[in-house]
Amino acid sequence: MDSVGHIAWVGSLAVALGVAGAAASPPAISWAESSDSASQDTSAPDPGEASGDDTADSEPDHESAPSAGESDSADDDSADDDGPVDLPTGDAGSIDIPDTAESDRGNHGDDTMTAAPSEETADDLSHTQSDPDLSALESVADHEAPPAEPDTAPATTRAVQPITAPAEREVIESAYTPTSAAQTTSTAVFAPPLTPAPPSTPVPPVASLAAFASMRRDNEPALRERTTEQSNAAHATVAAAGGPTPNPVAMASPPAGSIMAAVESMLTAARNWFERTFFAATPVYPPQTVMVTVGPGSASDPFTLTAADADGRALTYSVHGSTGGTGTAAGTLTISGDKATYTPPADWNGETAYTDTFSVTASDQRDGFHIHGLSGLIYNLTFGLLGRAGHSATTTVTVGVRAASTPPGPDPEPPDGPGVPGSFPVSFANNSGYADDEVYVMVIGQVTPGQWSWVDRDGVAHHIDHAAADAPGHLEKDGVNYADMTFTLAEADDLRIPPELLGGRIYVSLEQPLYIAISADDSGWASPDGANPADPNYETVFDWYEMSYDNGSVPFGGNTTQVDQFGFPFSFTVSQDATGFSATRGIALSRREVFSAFEDTVPEAYQALIIRDEDGNPIRILAPRSHQPGSLATWFDEPVDDFWHTYRTTEFVYHGTGYTVTGRVGDDDRFAYAVTAAGGASTAHSMTKPSTADVFRADGPFVGTGLQGAFLAELDAAFNRGVATSPDDWNDVSAYYPAGGRWNDWARFFHAHSLNGFAYGFPYDDVNSQSSVVILNNAEPLTDLRLTLTS
């Protein structure tokens, strides 16, 4: 632009800044919920209701599964056909299966932490395990809600590909079916599309993957729901003993549909446009580390560059100012769009592993007119002499190179000794900044179907026992006694996973052990609930790993999860020397880097999810599935309205794996659709218009069975990924999170900051194989499961 044009441009900008600034500053409006709704979140249920019949979380993120009677005898109408399903309440002896906050996948309850138990909580399990090839199928299994109406596809046709052999399915059902009673329930990163690299590890057989996903999802619901109830019940005990009772957290938001809500929405939109245009966010690019497997003279598979722009602008990447560059180890990084490939130096011997680093810049300058605040304005006024353009962020991209002829992954150092046949070791790499005796571990799962057990430091399983709360060496918090089921990393050298541990979790907490309540009948336990101020673990930093395994029957499967919350980052490596299998997933950034990036790149609406202590230090970030404060309560209303409007006049058509769905929104404002299997059999259904909470939770109208359930899982995932009205893009990872759209920014953030882009950000994030799950293709023990904690 010539100097005259530049000056004219600057003058018009100055006027716009003054006028728009006045117009876009809305009055401060504060809303408070009624005391009834606020108390709903933290009211403590009757202690008797807190306990229940637990089921295993076959997959880590999903906790307990409904009993056979519950799922089989439920009303034949699926949630999709009749709208959200009413959740049955738990009996006095029902399961208490924990999963922090509500169940990750499909915890079908209210947003309150004391939602009543429901068969649909099985949906929660869906977020933990996903099949590289069966995401849709697994989603179905994960959401084993009440059986669908008679026209729904029978269980035998729930998946286009075989779910599991009869014998394997029998094992799954016996391991994850409660023995009694019903289950209990316990800012925006508008960045370029994220395209995780395909898994480099062998893809397990369809049957094993589907079975694993099914088990995990069937169990998650009960776990989470019980968690909240037991946590509240335990708190009630504390209060009765004279202990403090935390005040409930009020959700601040204007009444839905009110004039003030509309006004606030308009003012917010105007302010957002103004800020996005004249106070644009500078791209954020934390240090990135990737592992590649290559041979001499060949290029790696493409991997995604993970800078983020809070305004959703398209980013352009460069190495040393160009689309390619040489690293510190003489390798070459070549960039195309937001993908990069690595080529080792010509003199590499093809055997020695090494690392190479590059300085990579991400810029939003080419994406339309915008200014980065006052500094950007000064930069333009002075022709770049003063100020800062603010268009770019530069970081170090580290490429770890492995030879294609050797199994990928680090050389593990598992505990010595063969242990019990069928068991396998767990090792830890503690880079957390805390001493080994300040990091606590608790391992819990089902070594016997229907019976929860905790695993001690030597790998020995013990049935949970409420009487242990009063035994010598018990734990105590706020005047309440708890069983001691933990040990420190300093004591974990001989830790092994037993030959069977279904619905297992490996909890890790910093500075304090976890205080876990056990039901009076020893049938269940209350998992730590990071969204409940009444929980004894509320101010403790913790996270967990999810897994299931049964030697000779159920292949190992495990994953990290952010479906409910984020406490601290860690990665895991699964190794099996006999097959040469090795795979790593998780987060390699430091805790400080994750919190900083979240605060800098995620929309303002999501910032309220950060939980801090009284000194302002971050404890955790809640997932929107667990909590939807302020404008998050209506976050998906617009995309849902758009879907409803689009398919009121246009026929919806989606071609899934082994089935086709056609439908249209009718005069009754319901989406009527038909699911036609590859063989020609067709079933008709209809669903009510989902709420934002339904989308975040994969709940209500997104609950189904068989092929119908598979479709609903894909539909919910499409809403979370911002492509609901573009069915052709549902299985195109590069189309997810389109610039300028509305999607689940929480999930987008964790995909962008996880190794190879794999993460569990919402219950159905396993759809299209995007989750962090790793599943073996055989039911033999691992050589090592290694957890690496980062600072």
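Here are a few friendly notes on this predicted model, starting with the whole chain and then moving to particular places.

1. **The chain overall.** The model has 16 helices and 30 strands. Of the 791 residues in the chain, 60% are buried. The exposed area comes to about 27,600 Å², and carbon and sulfur atoms supply 53% of that area.

2. **Strand E18, an enclosed strand.** Have a look at residues 542–550. Because 9 of the 9 residues of strand E18 are buried, this strand is largely enclosed by the rest of the structure. In a regular strand the side chains alternate between the two faces of the sheet. Both faces of E18 are covered: one side carries Phe-542, Trp-544, Glu-546, Ser-548 and Asp-550, while the other carries Asp-543, Tyr-545, Met-547 and Tyr-549. Note that the buried residues include acidic ones, among them Asp-543, Glu-546 and Asp-550.

3. **The partners of E18.** Which strands pair with E18? One is strand E17 (residues 500–510), which runs antiparallel to E18 and is joined to it by 8 bridges. Within this pairing, Gly-504 stands opposite Met-547. Another is strand E19 (residues 554–560), also antiparallel, with 5 bridges to E18. Here Ser-548 has Gly-557 as its bridge partner.

4. **The turn after E18.** E18 and E19 make a hairpin, with 3 residues between the two strands. Gly-552 sits in that turn and has a positive phi of about 85°.

5. **A negative patch.** On the surface, Asp-436, Asp-437, Glu-438, Asp-458, Asp-493, Asp-494 and Glu-511 form a negative patch. Taking one member as an example, Asp-458 lies in the loop between strand E11 (451–455) and strand E12 (461–463). Is Asp-458 buried or partly exposed? With a relative accessible area of 47%, Asp-458 counts as partly exposed, since that class lies between the 20% limit for buried and the 50% limit for exposed.

6. **Two positive phi values outside glycine.** You may want to look at Ala-698 and Ser-769 in the viewer. Ala-698 has a phi near 55°, a positive value in a residue other than glycine. Ala-698 is found in the loop between helix H14 (692–697) and helix H15 (706–720), and is buried, with a relative accessible area of 0%. Ser-769 likewise has a positive phi, near 55°. Its loop runs between helix H16 (745–752) and strand E29 (774–775). Ser-769 has a relative accessible area of 14%, so this residue is buried too.

Definitions and conventions. Residues are numbered from 1 along each chain as its sequence is written. This is a predicted model: local features need pLDDT of at least 70, side-chain atom pairs count only at pLDDT 80 or more; totals for chains, interfaces and linings use all residues. Side-chain values use heavy atoms; hydrogens and water are left out. Patches are made of residues with over 30% relative accessible area and no salt bridge: like charges are joined within 9 Å, nonpolar side chains (Val, Leu, Ile, Met, Phe, Trp, Tyr) within 5 Å. Accessible areas come from the Shrake-Rupley method with a 1.4 Å probe; for residues, only the protein chains shown count as cover. A salt bridge is a side-chain nitrogen of Lys or Arg within 4 Å of a carboxyl oxygen of Asp or Glu. Lys and Arg count as positive and Asp and Glu as negative; His and the chain ends are not counted. The place of a charge is taken as NZ of Lys, CZ of Arg, CG of Asp or CD of Glu. Helices (H or I, at least four residues) and strands (E, at least two) are DSSP runs, numbered from the N terminus. Buried means under 20% relative accessible area, exposed over 50%, partly exposed in between (1.4 Å probe, protein chains only). Two strands pair if DSSP finds at least two bridges between them.
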